[in-house]
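User: I'd like to learn how to read a model like this one, feature by feature. Can you walk me through it?

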Protein chains: 2
Amino acid sequence: MCSVADDRDLTAKANIRNAALRLFAERGHDAVTVREIAAAAGVSPGLVVHHFGSKEGLRAAVDAYAAQAFDSLFAMDGQDLASAMTGDNWGSVAEMLVRAFPHGSPLPAYLRRLFLVNDPAGAALFGRWYALTRRLLDSMTEVGAVRQAEDPAVRAAFFLVNDLALVLLRNQVAAAIGVDPLTPEGVARWAQEVTAVYTKGAFVIAPSEEPS
Amino acid sequence: MCSVADDRDLTAKANIRNAALRLFAERGHDAVTVREIAAAAGVSPGLVVHHFGSKEGLRAAVDAYAAQAFDSLFAMDGQDLASAMTGDNWGSVAEMLVRAFPHGSPLPAYLRRLFLVNDPAGAALFGRWYALTRRLLDSMTEVGAVRQAEDPAVRAAFFLVNDLALVLLRNQVAAAIGVDPLTPEGVARWAQEVTAVYTKGAFVIAPSEEPS
DNA sequence: ACAGACGCTGAACGTGCGTATAGCCTCTTA
DNA sequence: TAAGAGGCTATACGCACGTTCAGCGTCTGT
């Protein structure tokens, strides 16, 4: 019964969890061995299973820790919702991540793993964020900050997916445009162009447009 | 010296490669064993290494096969470039994938893995597609089909990344909107809304907009 | 001071992996 | 028909993995 000590994260147990989080994010669960995690945390392999029961238990603990970190973005997003509804800037998941996590944090990469491995935790996270995006867009539509969507479900998915794509393809985007998009400078440059497309559009309407 | 027989893909070697492609796409290279690939192909494990030298050799062969399949999309995109420049519909990577690969093809999932693992092949593919997107947008800008971008490099990355996101988050999007976006029906519904945003925009311009 | 618990280590165990090897069966070629 | 090559299998080997276990030091409560 140690329900008090797990908040104070200065212990070896926390070191193991942090090392595992970083290694899992970098290389994936299967490609990381318990011995590597132990070495990175400066402890023996036996201590890992002593604290977490098994490698799978460690994975669950890391998942829970990351999920808590990501859910803390919800509260922040709740108050961002009001400012976003003014419509004067683009409040995105990527911007939230940049503001919430310091440079070099393994959490964006861990988020990427969650989505790309079809992890149930990732699916649940996507579902919550999708519902949030949908509600946000509905609210903004009522206020008149965004146009009425032809297909609200798809548009909410489109917006969310575009934000997440910046996290998922961070490295490739950085190589393409020369700036890491998950840095303050990078996200600013990204947001400027995205806002332009989202407000003014990009394609010129063709003269032969079908009314349908 | 068997440089003739490797085109005719009815052999056990091709079966092994196809089984490996499917399993690699579904679960990742490391999570799949040579014994599983052999069982899926209906051969013995020894035959895998006999034909491909090692598991890494098999991986390279599968990579080359997939790269060839994806590069074949280039030619198709070359002739799509002309139709896309008319501006009457949204020619995207996702639409190309839907048209090029039958339902249940492992190639979209394999593409997802390529990007997930920071594979050099994935980085190269992204680079080529980015250059293509950039050129396409430049051409369309000259013709007047799209507005002049404030930041052309970022806008090209934004467009490409949005398309790829549909591939990367296919399952999550399917769960959210109720339709697999990589089916003809799904991509049609997706394209309609995306085209609407790309042409008319989504956000209403706020009265207090900073010029700067 | 003593006893129990806890954090932690180092060595060991069993398993499943990728790979090597020896040999079988079936074609082809002369 | 004899001989050789190549597709293919069965078995086994060595290794690295996750996990177990006996035991060490230290800290805490009585």
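**Reading the contact between the chains**

Analyst: Sure, let's start where the chains meet: chain A and chain B bury about 5600 Å² between them, and 65% of that is on carbon and sulfur atoms. Keep in mind that this is a predicted model.

User: Which three residues of chain A supply more of the area buried against chain B than any other three?

Analyst: Those are Leu116(A), Glu193(A) and Phe203(A), which together supply 14% of the area chain A buries against chain B. On the general idea: the size of an interface is often given as the accessible area lost when the parts come together. You can also count residues, and here the contact takes 55 from chain A and 54 from chain B.

User: How many salt bridges and how many residue pairs in polar contact are there between chain A and chain B?

Analyst: Between chain A and chain B there are four salt bridges. The polar contacts come to 25 residue pairs, with both residues at pLDDT 80 or more.

User: Which elements of chain A give two or more residues to the side that touches chain B?

Analyst: The list runs α6 (107–116), α7 (120–143), α8 (152–168), α9 (170–177) and α10 (184–200) of chain A. The largest share, 12 residues, comes from α8(A). Sorted by class, the side of chain A that touches chain B has 35 nonpolar, 10 polar and 10 charged residues.

**Reading the rings**

User: Now the aromatics. How many aromatic pairs does the structure hold?

Analyst: Over all chains, 19 aromatic pairs. To read one, look at the distance between ring centres and the angle between planes; over 60 degrees counts as edge-to-face. Take Phe158(A) and Trp190(B): they sit 5.9 Å centre to centre with 75° between the planes, an edge-to-face pair.

User: Why does the pair of Phe158(A) and Trp190(B) join two chains?

Analyst: Because Phe158(A) lies in helix α8 of chain A, while Trp190(B) lies in helix α10 (residues 184–200) of chain B. Both Phe158(A) and Trp190(B) are buried.

User: And what about the rings of Phe70(B) and Phe101(B)?

Analyst: Their centres are 6.0 Å apart and their planes are at 90°, so that pair is edge-to-face. This one links distant parts of the chain: Phe70(B) is in helix α4 (residues 55–85) of chain B, and Phe101(B) is in the loop between α5 (93–100) and α6 (107–116) of chain B, 31 residues apart. Phe70(B) and Phe101(B) are both buried.

User: Which residues do ring pairs link into a cluster?

Analyst: From chain A, Phe158(A), Phe159(A), Trp190(A), Tyr198(A) and Phe203(A); from chain B, Phe158(B), Phe159(B), Trp190(B), Tyr198(B) and Phe203(B).

**Reading the salt bridges**

User: How many salt bridges turn up over all chains?

Analyst: A search of the whole structure finds 16. When you look at one, check the N to O distance, then where each partner sits. In chain A, Asp119(A) and Arg59(A) meet in a salt bridge at 3.1 Å, N to O. It links distant parts of the chain, from Asp119(A) in the loop between α6 and α7 to Arg59(A) in helix α4 (residues 55–85), 60 residues apart.

User: Are Asp119(A) and Arg59(A) buried or exposed?

Analyst: The cut-off for buried is under 20% relative accessible area. Asp119(A) is at 8%, so it counts as buried. Arg59(A), at 19%, is buried too. Also, Glu56(A), Arg59(A), Asp63(A) and Asp119(A) are linked in a network of salt bridges.

User: What does a salt bridge within one helix look like?

Analyst: Try Arg59(B) and Asp63(B), whose side chains meet at 3.6 Å, N to O. They are four residues apart in helix α4 of chain B, so about one helical turn separates them. Asp63(B) counts as buried, at 13% relative accessibility.

User: Which residue forms a salt bridge with Lys200(B)?

Analyst: Glu150(A), with the closest N and O atoms 3.3 Å apart. Lys200(B) is partly exposed, with a relative accessible area of 40%, and Glu150(A) is partly exposed as well, at 44%.

**Reading the fold**

User: Last one: how many helices and strands are there in chain A?

Analyst: Chain A has 10 helices and zero strands. Of its 212 residues, 47% count as buried. Among contacts in chain A between residues at least 6 apart in sequence, 62% join residues at least 24 apart.

How values were computed:
Residues are numbered from 1 along each chain as its sequence is written. Chains are lettered from A and ligands numbered from 1 in the order in which they are written. This is a predicted model: local features need pLDDT of at least 70, side-chain atom pairs count only at pLDDT 80 or more; totals for chains, interfaces and linings use all residues. Side-chain values use heavy atoms; hydrogens and water are left out. Contact means heavy atoms within 4.5 Å. Buried area is the accessible area (1.4 Å probe) that two parts lose on being put together, summed over both. A polar contact is a pair of N or O atoms within 3.5 Å; within protein, one must be able to donate a hydrogen and the other to accept it, and residues adjacent in sequence count only if both atoms are side-chain atoms. Ala, Val, Leu, Ile, Met, Phe, Trp, Tyr, Cys and Pro count as nonpolar, Asp, Glu, Lys and Arg as charged, and the others, Gly among them, as polar. Rings of Phe, Tyr and Trp (its six-membered ring) pair if their centres lie within 6.5 Å; planes under 30 degrees apart count as stacked, over 60 as edge-to-face and the rest as tilted. Buried means under 20% relative accessible area, exposed over 50%, partly exposed in between (1.4 Å probe, protein chains only).
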